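I opened this notebook to keep track of what I looked up in the structure, entry by entry. The questions are written down as they came to me, each with what I found.

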Amino acid sequence: MILGRHRRYRWGLAGRHQAMNSLGVLTSLVLLGGDLDAACAAGENLRPVAGRGERLTLPWLGGTITLLDESYNASPTAVRAALAVLASLPGRRLLVLGDMLELGADADALHADLAEALNTAGLDRVYLAGTHVSALANACRPGA
């Protein structure tokens, strides 16, 4: 419901965080006098920009794989959201994660704080590369 108006719509961006964002966008649009029905219809055609949740279908060994590209320099919040999206996808789930940069003096701790989200995402394989992600690797359960 958006300001008392019931709408059923599809949003072209994956994840609970994007669904919550859509509510803020649509509420703002209504308050500014925009067309809610047109915005709901247009929202289905939204696509993420490169490196920000883009889904790519790639050929692989006679079939295909889906690559969820979150390669843009992320924050801990963005990594948690990406892990939630990844956990919701069918099939085997592999994570390749490098350092999040520009986190300052707390970088190691901020990386390590992702351990619980990583441990509970139902991942089949995890590949970590970088200086700060070693703190994350040390904080994860063995075999998780």
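The entries below go from the overall fold to the pockets, the cores and a few single residues.

**Entry 1: overall layout**

I began by noting that I am working with a predicted model. I then looked up the secondary structure, which comes to six helices and four strands, and I read the order along the sequence as α-α-β-β-α-β-α-α-β-α. For the extent of the protein I took the box filled by the C-alpha atoms along the principal axes, which is roughly 50 × 45 × 25 Å. I also checked burial across the 144 residues and found that buried residues make up 28% of them. As for contacts between residues at least 6 apart in sequence, I noted that 55% join residues at least 24 apart.

**Entry 2: the largest pocket**

How much space lies in the largest pocket? I found about 910 Å³ there. The lining has 29 residues, and I wrote down Leu 67, Leu 68, Leu 94, Leu 95 and Val 96 as the closest to the pocket's centre. Three elements give two or more residues to this lining, namely β2 (63–69), α3 (76–88) and β3 (94–98), and β2 gives the most, with six residues. Sorting the lining of the largest pocket by class, I had 18 nonpolar, six polar and five charged residues.

**Entry 3: the second largest pocket**

I moved on to the second largest pocket, for which I have a volume of about 360 Å³. Of its 19 lining residues, those closest to the centre are His 17, Gln 18, Arg 52, Gly 53 and Glu 70. Which element supplies the largest share of the lining of the second largest pocket? I found that this share, five residues, comes from α3, while α1 and α3 each supply at least two residues. By class, I noted 10 nonpolar, six polar and three charged residues in the lining of this second largest pocket.

**Entry 4: Gln 18**

Since Gln 18 had come up in the previous entry, I looked at this residue by itself. Gln 18 has its place in helix α1 (residues 16–31). Is Gln 18 buried or exposed? I put it down as buried, because its relative accessibility is 19% and the cut-off for buried is under 20%. Its side chain makes a polar contact with the side chain of Asn 21 at 3.2 Å. Leaving out residues up to four places away in sequence, I found that Gln 18 touches Trp 11 and Leu 13.

**Entry 5: the nonpolar cores**

I kept in mind that in soluble globular proteins nonpolar side chains tend to be buried together. The largest nonpolar core here has 19 residues, of which Val 79, Leu 83, Leu 95, Leu 123 and Leu 136 touch the most other members. The elements that give two or more residues to this core are α3, β3, α5 (115–119) and α6 (133–139), with α3 giving the most, four residues.

I followed Leu 136 further and, not counting residues up to four places away in sequence, listed its contacts as Leu 97, His 111, Ala 112, Leu 114, Ala 115, Leu 118 and Leu 128. There is also a second, separate core of seven residues, and I noted Trp 11, Leu 26, Val 30 and Cys 40 among them. Trp 11 had already appeared in my entry on Gln 18, as one of the residues that Gln 18 touches.

**Entry 6: Asp 35**

Where does Asp 35 lie? I located Asp 35 in the loop between α1 and α2 (36–43), and I recorded it as partly exposed, with a relative accessible area of 48%. The side chain of Asp 35 reaches the backbone nitrogen of Asp 37 at 3.1 Å. I also took the separation between the C-alpha atoms of Asp 35 and Leu 68, which are 33 residues apart along the chain, and found 32 Å.

**Entry 7: positive phi values**

Most residues other than glycine have a negative phi, so I looked up the exceptions. Phi of Leu 61 is near 45°; this residue lies in the loop between β1 (54–60) and β2 and is exposed, with a relative accessible area of 80%. Phi of Glu 102 is near 60°; I placed Glu 102 in the loop between β3 and α4 (107–112) and noted it as exposed, with a relative accessible area of 77%.

Methods
Residues numbered from 1 in each chain as written. Predicted model: local features only at pLDDT ≥ 70, side-chain atom pairs only at ≥ 80, totals over all residues. Heavy atoms only, no water. Buried < 20%, exposed > 50% of the residue type's maximum accessible area, 1.4 Å probe, protein only. Polar contact = N/O pair within 3.5 Å; in protein donor to acceptor, adjacent residues only side chain to side chain. Contact = heavy atoms within 4.5 Å. 1 Å grid on protein atoms, 1.4 Å probe; cavity = no way out; pocket = protein on both sides within 12 Å on 5 of 7 lines; lining within 4 Å. Points joined across faces, edges and corners; volume = space filled by probe spheres on them. Nonpolar A, V, L, I, M, F, W, Y, C, P; charged D, E, K, R; others polar. Core = buried A, V, L, I, M, F, W, Y, C linked by side-chain atoms within 4.5 Å.
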